[in-house]
Amino acid sequence: QVQLVESGGGLVQAGGSLRLSCAASGNIFEINDMGWYRQAPGKQRELVARITNGGSTNYADSVKGRFTISRDNAKNTVYLQIDTLKPEDTAVYYCNARTKVLVTMGEYNYWGQGTQVTVSS
């Protein structure tokens, strides 16, 4: 099994910043793509940003220029720096990792439990 644990969410005023972290642990051989998704109340979960194990990134249009995804492969950790927060960024943010596991070498998609980000106007 692989576990993803997010941290760094909270309540912040519009215009502020947060840094989310997500650490993966467990039966890991290698982690390929990692990403952040978010789900606002009454809406579907949507992609925020993804990063390959080589460092290539892609972002949702709504966050380009404000969000920065990065990763530390040695620590199996992905980060999301969120700047110039807007009330519409309020959501639960979920970490995702496409992971090849030990022994079976199967590749699976794992999710964290989510961390709440609330932006007040």
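**Entry 1: the β4–β5 hairpin**

I started with the turn between β4 and β5, which form a hairpin with 6 residues between them. I checked the backbone there and found that Gly-42 in the turn has a positive phi of about 75°. Note to self: this is a predicted model, and I should keep that in mind on every page.

Next I looked at how the two arms line up. Strand β4 covers residues 28-39 and strand β5 covers residues 46-51. They pair in the antiparallel sense over 5 bridges. I picked Tyr-37 and traced it across to its bridge partner in β5, Leu-47.

**Entry 2: on to β6**

I followed β5 onward and hit another hairpin, this time with β6, with 5 residues between the two strands. Gly-55 sits in that turn with a positive phi of about 100°. Strand β6 is residues 57-59, and its pairing with β5 is antiparallel, over 3 bridges. Here Ala-49 has Tyr-59 in β6 as its bridge partner.

**Entry 3: what does β9 pair with?**

Which strands have bridges to β9? I went through them one by one.

- β4 pairs with β9 in the antiparallel sense over 9 bridges; I found Gly-35 partnered with Asn-96 in β9.
- β10 runs antiparallel to β9, joined by 5 bridges; Lys-100 has Glu-107 in β10 as its partner.
- β11 (residues 115-120) also runs antiparallel to β9, with 3 bridges joining them; Tyr-93 goes with Thr-115 in β11.

Is β9 mostly covered or mostly open? I looked at the count: 8 of its 11 residues are buried, so to speak in plain words, β9 is mostly covered.**Entry 4: the β9–β10 turn**

β9 and β10 form a hairpin with 5 residues between them. Val-103 in the turn has a positive phi of about 75°. I placed Val-103 in the loop between β9 and β10 (107-111).

Is Val-103 buried or exposed? It has 78% relative accessibility, and the cut-off for exposed is over 50%, so Val-103 counts as exposed. I also found Val-103 in a nonpolar surface patch, together with Phe-29, Leu-102 and Met-105. The patch comes to about 400 Å².

**Entry 5: the disulfide**

How many disulfides are there? I got a count of 1. The bond joins Cys-22 to Cys-95, with 2.1 Å from S to S. The two cysteines are 73 residues apart, and the pair links distant parts of the chain. Cys-22 belongs to strand β3 (residues 18-26), while Cys-95 belongs to strand β9 (residues 91-101).

I then looked up the twist of the bond. The torsion about the S-S bond of Cys-22 and Cys-95 is about -80°, which means the disulfide is left-handed. Last check on this pair: Cys-22 and Cys-95 are both buried.

**Entry 6: the four-stranded sheet**

I moved to an open sheet of 4 strands and wrote down its order, β1-β3-β8-β7, with antiparallel pairing. Why is one side of β1 and of β7 left without a neighbour in the sheet? β1 (2-7) and β7 (67-72) stand at the edges with a single partner strand each, so one side of each has no neighbour there. On average, neighbouring strands of this sheet are turned by 15° against each other, direction ignored.

I finished with β7 and β8 (residues 77-82), which pair in the antiparallel sense over 6 bridges. I followed Ile-69 across and landed on its bridge partner in β8, Leu-80.

Notes:
Residues are numbered from 1 along each chain as its sequence is written. This is a predicted model: local features need pLDDT of at least 70, side-chain atom pairs count only at pLDDT 80 or more; totals for chains, interfaces and linings use all residues. Side-chain values use heavy atoms; hydrogens and water are left out. A disulfide is a pair of cysteine sulfur atoms within 2.5 Å. Buried means under 20% relative accessible area, exposed over 50%, partly exposed in between (1.4 Å probe, protein chains only). Two strands pair if DSSP finds at least two bridges between them. Patches are made of residues with over 30% relative accessible area and no salt bridge: like charges are joined within 9 Å, nonpolar side chains (Val, Leu, Ile, Met, Phe, Trp, Tyr) within 5 Å. Accessible areas come from the Shrake-Rupley method with a 1.4 Å probe; for residues, only the protein chains shown count as cover. A salt bridge is a side-chain nitrogen of Lys or Arg within 4 Å of a carboxyl oxygen of Asp or Glu. Axes are lines fitted to C-alpha atoms, for helices over the stretch in contact, and angles run from 0 to 180 degrees between N-to-C directions.
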